[in-house]
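This note is addressed to a colleague who is opening the structure for the first time. The points below may be read alongside the sequence and the 3D view.

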Amino acid sequence: MNRHINLLKFIISIFLTIIITCNSLANDKEVIRKRDPFIPLISEKFQNIEEMLNSIITFQGIIKTKKNKYAIINGKLYREGEEIFDNEIKVLKINDDSVEILFKFVRYKLRKGKISF
């Protein structure tokens, strides 16, 4: 009988831990602020893709280390091959003064202040 009570207490404690963990994940701002995948990135207010990309991407510069190059985009560091905005945009190549990205199967070049084909 005592063994069953201990097992029941153990199961209840695990259940409560799972509930508390799930609740804290649901309240996490990063989880809540994820972009809705059913809403397109391009809205009707933009004339073209370059204008839309210029509104959502801020290319701030490049950091070089002995082994890697990093692009600073929207205040975050990205290496070649990494993806931005839930896999919508991929960093293809980091040059000395620009970054090449892939968006909707089209290659774009980011330079400070402008985006071009």
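1. Strand 5 and strand 6, the latter spanning residues 99-103, are paired in the antiparallel sense over five bridges. Within this pairing, K93 stands opposite E100 of strand 6. Four residues form the connection of the hairpin that joins strand 5 to strand 6. The coordinates come from a predicted model, and every statement in this note should be read accordingly.

2. E100 merits a separate look, and its place is in strand 6. Is E100 buried or exposed? Its relative accessibility is 12%, and because buried means under 20%, E100 counts as buried. The side chain of E100 makes a polar contact with the side chain of N95, at 3.3 Å. Leaving aside residues up to four places away in sequence, E100 touches K90, V91, L92, K93, N95, R107, Y108 and K109. K93 thus appears twice in the description of E100: as the residue opposite E100 and as one of the residues that E100 touches.

3. Strand 5 also has a partner in strand 4. Strand 4 (residues 83-84) and strand 5 (residues 89-94) pair in the antiparallel sense, here over two bridges. I84 stands opposite I89 of strand 5. The two strands form a hairpin with four residues between them, and F85, in the turn, has a positive phi of about 55 degrees.

4. The loop between strand 4 and strand 5 also holds D86. How does the accessibility of D86 class this residue? With a relative accessibility of 44%, D86 counts as partly exposed, because that class lies between the 20% limit for buried and the 50% limit for exposed. D86 and D36 are 50 residues apart in sequence, while their C-alpha atoms are 10.0 Å apart in space.

5. Another hairpin is found earlier in the sequence, where strand 1 and strand 2 are separated by four residues. Strand 1 covers residues 59-64 and strand 2 covers residues 69-73; they pair in the antiparallel sense over five bridges. K64 stands opposite K69 of strand 2. As background to these paired strands, side chains in a regular strand alternate between the two faces of the sheet.

6. The helical part may be approached through I11, which lies in helix 1 (residues 2-26). I11 has a relative accessible area of 47% and is therefore partly exposed. Which residues make the nonpolar surface patch that includes I11? The patch is made by L7, F10, I11, I14 and I18, and its area is about 470 Å².

7. The overall architecture may now be set out. The protein has three helices and eight strands. Read along the sequence, the elements follow the pattern α-α-α-β-β-β-β-β-β-β-β.

8. Some totals complete the description. Of the 117 residues in the protein, 22% are buried, and E100 is an example of a residue in the buried class. The accessible surface comes to about 9,100 Å², and carbon and sulfur atoms account for 58% of that area. Among contacts with a separation of 6 or more, 31% are between residues 24 or more positions apart.

How values were computed: Residues numbered from 1 in each chain as written. Predicted model: local features only at pLDDT ≥ 70, side-chain atom pairs only at ≥ 80, totals over all residues. Heavy atoms only, no water. Buried < 20%, exposed > 50% of the residue type's maximum accessible area, 1.4 Å probe, protein only. Contact = heavy atoms within 4.5 Å. Areas by Shrake-Rupley, 256 points an atom, 1.4 Å probe, with all protein chains shown as cover. Pairing = 2+ DSSP bridges. Patch = residues over 30% accessible without salt bridge, like charges linked within 9 Å, V, L, I, M, F, W, Y side chains within 5 Å. Salt bridge = Lys/Arg side-chain N within 4 Å of Asp/Glu carboxyl O. Polar contact = N/O pair within 3.5 Å; in protein donor to acceptor, adjacent residues only side chain to side chain.
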